[in-house]
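Reader: Could you take me through one part of this structure closely, starting with how a pair of helices packs, and then show me how that part sits in the rest? I would enjoy a connected account that I can follow on screen.

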Amino acid sequence: MNPRRRIKRAIERVGARTLDFLSAALFLWSVFAHTLVGTIRGKRPKGEVVKQMYIIGNKSLVFVGVTLGFIGMVMIYQTCLQFGRITGDLSRIGHEFAKILVHDFAPTLTAMMLSTRVGAGIAAEVGSMKVTEQVDALRMSGVAPIDYLIVPRFIACVVMMVVLSIFGAVVAFVLGGLTAANAFGVNTHTYFDLSGVNFTHLGLGLTKAVAYGMAIPIISGYCGLRAQGSSEGVGSATTAAVIGSSFAVIVLDFIISAFGLIVLGEGL
Amino acid sequence: MIIEFRDIHKAFGPKQVLRGVSLGIEPGEVMFIIGTSGVGKSVTIKHLIGLLRIDTGEIWFDGERIDKLSERQFYPVRERIGMVFQHSTLFDSMTLRENVALPLRKHKGMRQNRALREADKRLEQVHMGEFADRYPAALSDGMRKRAAIARTLTLEPEVVLFDEPTTGLDPVSARRIDRLIRELADTVGCTCIVVSHDLTSIFTISDRIAFIYQGRVHLCGDQDAFRHSSDPVVQQFISGQSSGPMETPGF
């Protein structure tokens, strides 16, 4: 192939990829905007939000509880071990752990868990409806697919993310406390000290939970709506949803934490 | 003409599917669109209801150009043009009655109780009244297909698009679907556009047939025009021979 044609092909490939990326970004924005409008307008199937809250929230309780519980135990065990070697003072372990749990770990770790369970579920369900033309059938029936499929999951996910984050924080803190007391003899009255947690920490944690709760169904729904082909397309959409949601959680954590650090500074 | 496709082109990425399809459809006729798998038959009819957008060309419906309409502007068109999808596409979480009532509630703004009563009538028309409370998963393919037809007819559309309506059905169910399509055209005056590979259906109920090959309408005419065509590609399709001049995507 002559060099001129090779350069032309390379430029075409870059151009095509750029256009694909822009079109995907535009579609993601459109899903987000339509979901917000749909949420405000309140047009959604009756009882669907409650059903989704049960699926997203209640069915994730054990998963989130066990995961956050183990993480709480491991973190406290490791922290006590290291602090014991360096200073030998474990009196502020609970005080500091409570702060970091509330403003960061609880919502972020809960969201990481939900990105896998809920994100995959939403993408698989919406994706299989897309490839079997059920989404087209909804459009033919005069139903906006985003109102019907994404909005109820969006509302349910935002609410249940906050609830599960609080639940996860409590489980991790309590099991961490039991670990500290049993393995290192930390006084429980000293450990269960919530005086360090203030409204700033609560606000930051709540902001993160809401942001993650919004991001997971939007990204997963977007991946599902872009599914093509057959079961292979649904599989790819599911994988993309888990990766995309987890990535979004990490990026949002960074952005909101950085914002918190800049605005609140030493307050954290 | 109630529907007219004028030189439409459509590509999916690098794959050019339609390369200038031009086709007119008269009111009240049963028009079959035939061709090999992957040639763009379903793609062609989906443009008519805005489920896909053409790259270039024009689509006219009842004197109005519709290919440039927005999603919301397509809603009234979708009240007048219904579609029965290949896989029935009933919603699993709803009973048959609720499935059939959905377009009435959303398009016509009908109240739930009235929409459900109307749905019962439609299900009776396709002999599915006794299964109104069943969920789609509990029914056979043929029954689901009939319920999907009832859902499409519930808005009393002027045009109904059928995407491979007899695929996957036993011969008896397939002929019942054929009869239903013919009756729609004869008794209600509904225009029916049927995408199909089923030669029995094609040569039993069609008024006209459009054969799509290599992204264009290769031949359009009545049953006799197809039976007596000397075109080797058309003859190979009708006779179903594996060897011949026809190029099939993927083979």
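Author: Happy to! Start with α4(A) and α9(A): α4(A) passes α9(A) in a right-handed crossing. Please keep in mind as you look that this is a predicted model. Two packed helices are described by the angle between their axes and the distance between the axes. Here the two partners are α4, residues 93–131 of chain A, and α9, residues 231–264 of chain A, whose axes come within 8 Å and cross at roughly 150°. An angle over 145 degrees counts as roughly antiparallel, and therefore α4(A) is roughly antiparallel to α9(A). What classes of residue make up the contact of α4(A) with α9(A)? Twelve are nonpolar, eleven are polar and two are charged.

Now step back to the chain that holds this pair. Chain A has nine helices and zero strands, so to speak a run of α after α: along the sequence its pattern reads α-α-α-α-α-α-α-α-α. Taken along the principal axes, the C-alpha atoms of chain A fill a box of roughly 70 × 60 × 35 Å.

Next, move across to the partner chain. Ten residues of chain A are in contact with 13 residues of chain B. On the side of chain B that touches chain A, the elements giving two or more residues are α2 (74–80) and α3 (96–107) of chain B. Of these, α3(B) gives the most, with four residues. By class, that side of chain B has eight nonpolar, three polar and two charged residues.

Chain B itself is built from nine helices and ten strands. Its radius of gyration is 18 Å, close to the 18 Å that the globule rule gives for 251 residues, so chain B is as compact as a globular protein of that length. The C-alpha trace of chain B spans about 55 × 40 × 35 Å along its principal axes.

A helix pair in chain B can be read in the way you read the pair above. The axes of α4 (residues 112–125) and α5 (residues 141–153) of chain B come within 9 Å and cross at roughly 130°, which means that α4(B) is oblique to α5(B). The crossing of α4(B) past α5(B) is right-handed. If you zoom in, Arg122(B), Leu123(B) and Gln125(B) of α4(B) meet Ala147(B), Ala150(B) and Leu153(B) of α5(B). Sorted by class, this contact has four nonpolar, one polar and one charged residues.

The strands of chain B deserve a look too. Four of them form an open sheet in chain B, in the order β2-β1-β4-β5, with antiparallel pairing. At its edges lie β2 (15–25) and β5 (64–65) of chain B, each of which pairs on one side only. Within the sheet, β1 (residues 3–12) of chain B runs antiparallel to β2(B), and eight bridges join the two. One place to find this pairing on screen is Ala11(B), whose bridge partner in β2(B) is Gln16(B).

Finally, follow chain B along to β9 (residues 208–213) and β10 (residues 216–221), antiparallel strands joined by five bridges. β9(B) and β10(B) form a hairpin with two residues between them, and Gln214(B) in the turn has a positive phi of about 55°. Elsewhere in this hairpin, Ile209(B) stands opposite Gly221(B) in β10(B).

Conventions. Residues numbered from 1 in each chain as written. Chains lettered and ligands numbered in written order. Predicted model: local features only at pLDDT ≥ 70, side-chain atom pairs only at ≥ 80, totals over all residues. Contact = placed C-beta atoms within 7 Å. Nonpolar A, V, L, I, M, F, W, Y, C, P; charged D, E, K, R; others polar. Pairing = 2+ DSSP bridges. Axes fitted to C-alpha atoms, helices over the stretch in contact; angles between N-to-C directions. Parallel < 35°, antiparallel > 145°, perpendicular 65-115°, else oblique. Left-handed = near helix turned anticlockwise from the far one by under 90°. Rg over C-alpha atoms; globule rule 2.2 N^0.38 Å.
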